[in-house]
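Got your viewer open? Load the model, set it to a cartoon view, and let's walk through it one selection at a time.

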Amino acid sequence: MECTICKSGKMKSGEVTVTLQRNNSIIVIKDVPTSVCENCGEYTLTEIGTKKIMATADRAVANNAEVE
């Protein structure tokens with residue numbers, strides 16, 4: 001599949017780190033499986049992947065997760 005951003009790279013399976021902000025919390029989720037452009041690094045999440053990330057973020061905020 002061709003990248004929708006740079007129009008010249010091919011999308012390949014890979015993993016990315018996703019950073020989200022919820023109110024005053026910043027959530028970093030590592031090793032998220034996705035398709036990544038080999039040229040520009042843009043990534044595309046699936047609907048299932050997005051739901052999992054959002055659920056993980058909701059749990060982290062609800063549990064007041066902190067890393068020091």
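Here is a tour that starts with the whole chain and then moves to smaller selections.

First, some ground rules. This is a predicted model, so local features need pLDDT of at least 70 and side-chain atom pairs count only at pLDDT 80 or more, while totals for chains, interfaces and linings use all residues. Residues are numbered from 1 along each chain as its sequence is written, and side-chain values use heavy atoms, with hydrogens and water left out.

**Stop 1: the whole chain**

Color by secondary structure. You should find 1 helix and 3 strands, following the pattern β-β-β-α along the sequence. Both kinds of element are DSSP runs numbered from the N terminus: helices are H or I with at least four residues, strands are E with at least two.

Is the chain spread out or compact? Its radius of gyration is 14 Å, well over the 11 Å that the globule rule gives for 68 residues, so the chain is more spread out than a compact globule. (That radius is taken over C-alpha atoms, and the rule is 2.2 Å times the number of residues to the power 0.38.) Along its principal axes, the C-alpha trace spans about 40 × 25 × 20 Å.

Now switch on the surface. The accessible surface comes to about 5300 Å², with 49% belonging to carbon and sulfur atoms; such areas come from the Shrake-Rupley method with a 1.4 Å probe, and for residues only the protein chains shown count as cover. Buried residues make up 21% of the 68. Here, buried means under 20% relative accessible area, exposed means over 50%, and partly exposed is in between (1.4 Å probe, protein chains only).

**Stop 2: the core**

Hide the surface and select Val-16, Val-18, Ile-27, Ile-29, Val-32, Val-36, Ile-53 and Ala-57, the 8 residues of the largest nonpolar core. β1 (11-22), β2 (25-37) and α1 (47-62) each supply at least two of them, and β2 gives the most, with 4 residues. A nonpolar core is a set of buried Ala, Val, Leu, Ile, Met, Phe, Trp, Tyr and Cys residues joined through side-chain atoms within 4.5 Å.

Zoom in on Val-18. Which residues does Val-18 touch, leaving aside those up to four places away in sequence? They are Ile-27, Val-28, Ile-29, Val-32, Tyr-43 and Ile-53. Contact means heavy atoms within 4.5 Å.

**Stop 3: the salt bridges**

There are 2 salt bridges to look at, each a side-chain nitrogen of Lys or Arg within 4 Å of a carboxyl oxygen of Asp or Glu.

Start with Lys-12 and Glu-38, whose side chains meet at 3.2 Å, N to O. Lys-12 lies in strand β1 and Glu-38 in the loop between β2 and β3 (43-44), so this pair ties together parts that are 26 residues apart in sequence. Glu-38 is partly exposed, with a relative accessible area of 48%.

Next, pick Lys-51 and Glu-47, where the closest N and O atoms are 3.3 Å apart. Being 4 residues apart in helix α1, they are separated by about one helical turn. Both Lys-51 and Glu-47 are exposed.

**Stop 4: two positive phi angles**

Finally, check the backbone at Lys-7, in the segment before β1. Its phi is near 65°, a positive value in a residue other than glycine, and Lys-7 is exposed at 51% relative accessible area.

Then jump to Asp-31 in strand β2. Asp-31 is not a glycine either, yet has a positive phi of about 55°. Asp-31 is exposed, with a relative accessible area of 52%.
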